[in-house]
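This report describes the main sheet of a predicted model, one helix packed on that sheet, and the two largest pockets. The sequence and structure come first.

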Amino acid sequence: MGPHGVKAVFFDLDNTLVDTAAAGRRAIEEVMKALQSRHRYGEGEARAICEKVQAKLLKECHDPAKMGITDLRISHWEEAIRETTGGEAKRGVAAECYFLWKTTRLQHLTLAEATRGMLRELRKGLRLLLLTNGDRQTQREKIEACACQPYFDAIVVGGEQKEEKPAPSIFHYCCDLLGVQPAECVMVGDSLDTDIQGGLNAGLKATVWLNKAMTTPGDTSPVPHYTISSVLDLPAVLEEMERKINAQFGTDHMASSKEAR
């Protein structure tokens with residue numbers, strides 16, 4: 001982009017660049033099979049255990065100072081087994097379930113070739129930064145699994161910072177890393193509450209919401225500047241932004257020229 005346009009783009013990771021939800025579903029399927037074949041749980045019991053774990057993950061509040069992420073997530077499986085069966089859960093079975101889920105999910109976290117190509121092209125003229133919320137260990141393992149490091153000038157994990165998205169501080173930290181101003185940056189992500197609200201809070205030039213299902217947000221939801229159904233639509237949005245910026249610059253330049261006469 002030109003000197004008056006965007007200089008940097010911040011990307012979310014989960015369900016923006018990689019389909020974490022789909023990888024998670026594949027992982028749950030594998031654990032359900034293992035619970036039935038290796039540990040003789042009925043299909044209904046196995047499904048109930050997995051559903052309880054998924055609910056616990058959604059509500060998860062992790063304090064690394066109190067418990068490591070591995071112990072916390074094994075305890076999710078342990079509790080789910082106990083709640084479903086009414087009996088004592090074996091820690092070993094819970095640990096087996098967790099590691100099978102984790103390994104399978106990581107195996108299915110891939111950065112699509114089309115996405116890689118888009119990032120390579122964008123990086124020719126822009127600085128790119130990966131900004132992801134979450135536990136340090138968990139997110140770094142995902143980053144390693146999908147091998148996305150070569151496509152970014154910097155990677156920032158929320159769990160390694162004082163505050164995560166949507167706090168303005170983490171966005172301003174990212175700007176400092178790249179040597180750019182908030183008004184020169186765009187945030188791209190699938191979460192209205194963290195990615196879009198965070199970009200708005202930090203005063204970024206624009207926010208781009210990835211809404212794959214093209215659902216209608218609630219009345220109280222933050223309003224993104226742009227909405228796309230595929231991350232591959234981003235270059236077209238950036239081109240549109242550049243046209244608007246250049247047109248505005250041309251108008252302002254003409255106005256100032258007339259005033260100088």
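## The sheet

Six strands make up an open sheet, ordered 3-2-1-4-5-6, with parallel pairing. Strands and helices here are DSSP runs numbered from the N terminus (strands: E, at least two residues; helices: H or I, at least four), and two strands pair if DSSP finds at least two bridges between them. Strand 3 (154–157) and strand 6 (226–228) are the edge strands, each pairing on one side only. On average, neighbouring strands are turned by 20 degrees against each other, direction ignored; axes are lines fitted to C-alpha atoms, for helices over the stretch in contact, and angles run from 0 to 180 degrees between N-to-C directions.

The model is predicted: local features need pLDDT of at least 70 and side-chain atom pairs count only at pLDDT 80 or more, while totals for chains, interfaces and linings use all residues. Residues are numbered from 1 along each chain as its sequence is written, and side-chain values use heavy atoms, with hydrogens and water left out.

## Strand pairs

Strand 2 pairs in the parallel sense with strand 1 over four bridges, and with strand 3 over four bridges as well. Phe-11 stands opposite Leu-130 in strand 2, and Leu-131 is opposite Val-156 in strand 3. Because five of its six residues are buried (under 20% relative accessible area, 1.4 Å probe, protein chains only), strand 2 is largely enclosed by the rest of the structure.

Strand 5 (residues 206–210) is joined to strand 6 by three bridges, and the two run parallel. Val-208 stands opposite Tyr-226 in strand 6.

## Helix 7 on the sheet

Helix 7 (residues 168–178) lies across strand 1 (8–11), strand 2 (127–132), strand 3 and strand 4 (185–189). The helix runs at about 150 degrees to strand 2. Contact means heavy atoms within 4.5 Å.

## Pockets

A pocket is an open set of points on a 1 Å grid over the protein atoms alone, where a 1.4 Å probe fits, with protein on both sides within 12 Å along at least five of seven lines; lining residues have an atom within 4 Å of a point. The largest pocket has a volume of about 1,200 Å³, the space filled by probe spheres set on the points. Of its 36 lining residues, Asp-14, Leu-57, Arg-73, Gln-139 and Lys-142 are the closest to the centre. The lining divides into eight nonpolar, 14 polar and 14 charged residues.

The second largest pocket has a volume of about 190 Å³. Its lining comprises seven nonpolar, six polar and two charged residues.

Note on methods
Ala, Val, Leu, Ile, Met, Phe, Trp, Tyr, Cys and Pro count as nonpolar, Asp, Glu, Lys and Arg as charged, and the others, Gly among them, as polar. Buried means under 20% relative accessible area, exposed over 50%, partly exposed in between (1.4 Å probe, protein chains only).
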